[in-house]
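Reader: I am in my first year and still learning to read structures of this kind. Could you take me slowly through one part of this one, the surroundings of the ligand?

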Amino acid sequence: MDTYYVNGEFVDDEAARVPAKDLTVLRGFGVFDFLITYNKRPFYLKEHVERLETSAKNIGLKLSHTNEQICKIVEETVKKNTHHDESNIRLVYTGGVSPDGVTPAGNGILMVMVTPKHMLPDFWYNDGASVITVDMERFIPTSKSTNYLSAVFALEQAHKTGAAEALYVDRNQRVLEGTTTNIFAIKGSSIITPPDGILPGITRSVVLKLIPESLKLEMRHIDFAELEKMDEIFITASNKEIVPVVKVNDMIVGPGKPGNVTKQIMTLFKSYTKDFGQGKIC
Ligand SMILES: Cc1ncc(COP(=O)(O)O)c(C=O)c1O
């Protein structure tokens, strides 16, 4: 049994409830964030809580907790789940109950759900994963809102073909990001990642710090037509870390196996997270 924090109380996971009239239930109006622990400590907690705050601000949802209060609640909730080896942590801030069922009334509920960390398929990391593309755009992409309708829809299509992820291609034929991942592509000595129109991933921000000096960083959009010319592609996310992509739709990327640059960045990321756990978190 896991322990969650819901609206000021710690409760058993099965007893966690939000009102049926909450705007998150009725309208998909709310925000969330997701992080994991390394060495049992929440990785980049401060940054995830700051992103929750930005997500809320961008959709016009008022939070009644400070970032410091949210960080403390997360740390306490993690301490109540020491039976996990490592944990997934989901923060949810609901839209709250609204008198007319549509206008936010500033009474959202904070939930912190701590569950055991999932293992993902080894072959993604050793042999590379395939992805599909979908012609879809996220509404207010800088916000991790609870409206992930496009993600659920697109991932269902991806899973039908055995793909690990679906990448959004916008109306200008730009490849923006995945349903829950950011994208990096390597061409020659350049590493390219879209600058905007995306959720600013925390894993992406760590990867940006770890890019070897031998590579030139190009923060620019990637055209769909460019994908087939890329030497390597990888996707990043808190739960997935760095996943090499070897196939996009029917197209094989580079030599069809994880490339050397991707493998180098995966190694750097692994050692960075292995060392994580020293110092103050918030
Ligand atoms: C749309 C979207 N892009 C990118 C990411 C990756 O972000 P992070 O590295 O912070 O997990 C996520 C995470 O769920 C996401 O939902």
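Author: What follows is a walk around the ligand, ending with a pair of aromatic rings. Please keep in mind that the model is predicted. The ligand is surrounded by 18 residues, and the closest of them are Lys144, Tyr148, Ile202, Thr203 and Ser238. Sorted by character, this shell holds four nonpolar, 10 polar and four charged residues.

Turning to the polar contacts, the side chain of Lys144 has an N or O atom 2.5 Å from an oxygen atom of the ligand, while Arg51 places a polar side-chain atom 2.8 Å from an oxygen atom of the ligand. For Tyr148, a polar side-chain atom and an oxygen atom of the ligand are 2.6 Å apart. The ligand on its own would expose 390 Å², and the protein buries 96% of that. The space that the ligand takes is the largest pocket, and the elements giving two or more residues to the shell are helix 2 (45-59), strand 9 (174-178), helix 6 (202-210) and strand 14 (232-237).

Tyr148 also leads us to the aromatic rings, for which the count comes to nine pairs. The ring centres of Phe32 and Tyr148 lie 5.1 Å apart with the planes at 80 degrees, and because planes over 60 degrees apart count as edge-to-face, this pair is edge-to-face. Since Phe32 belongs to strand 3 (residues 30-38) and Tyr148 to the loop between strand 7 (129-135) and helix 5 (149-160), the pair ties together parts that are 116 residues apart in sequence.

Terms used. Residues numbered from 1 in each chain as written. Predicted model: local features only at pLDDT ≥ 70, side-chain atom pairs only at ≥ 80, totals over all residues. Heavy atoms only, no water. Near = heavy atom within 4 Å. Polar contact = N/O pair within 3.5 Å; in protein donor to acceptor, adjacent residues only side chain to side chain. Areas by Shrake-Rupley, 256 points an atom, 1.4 Å probe, with all protein chains shown as cover. 1 Å grid on protein atoms, 1.4 Å probe; cavity = no way out; pocket = protein on both sides within 12 Å on 5 of 7 lines; lining within 4 Å. Sits in = over half its atoms within 2 Å of the grid points. Helix = DSSP H or I, 4+ residues; strand = E, 2+ residues; numbered from the N terminus. Nonpolar A, V, L, I, M, F, W, Y, C, P; charged D, E, K, R; others polar. Phe/Tyr/Trp six-rings, centres within 6.5 Å; stacked < 30°, edge-to-face > 60°.
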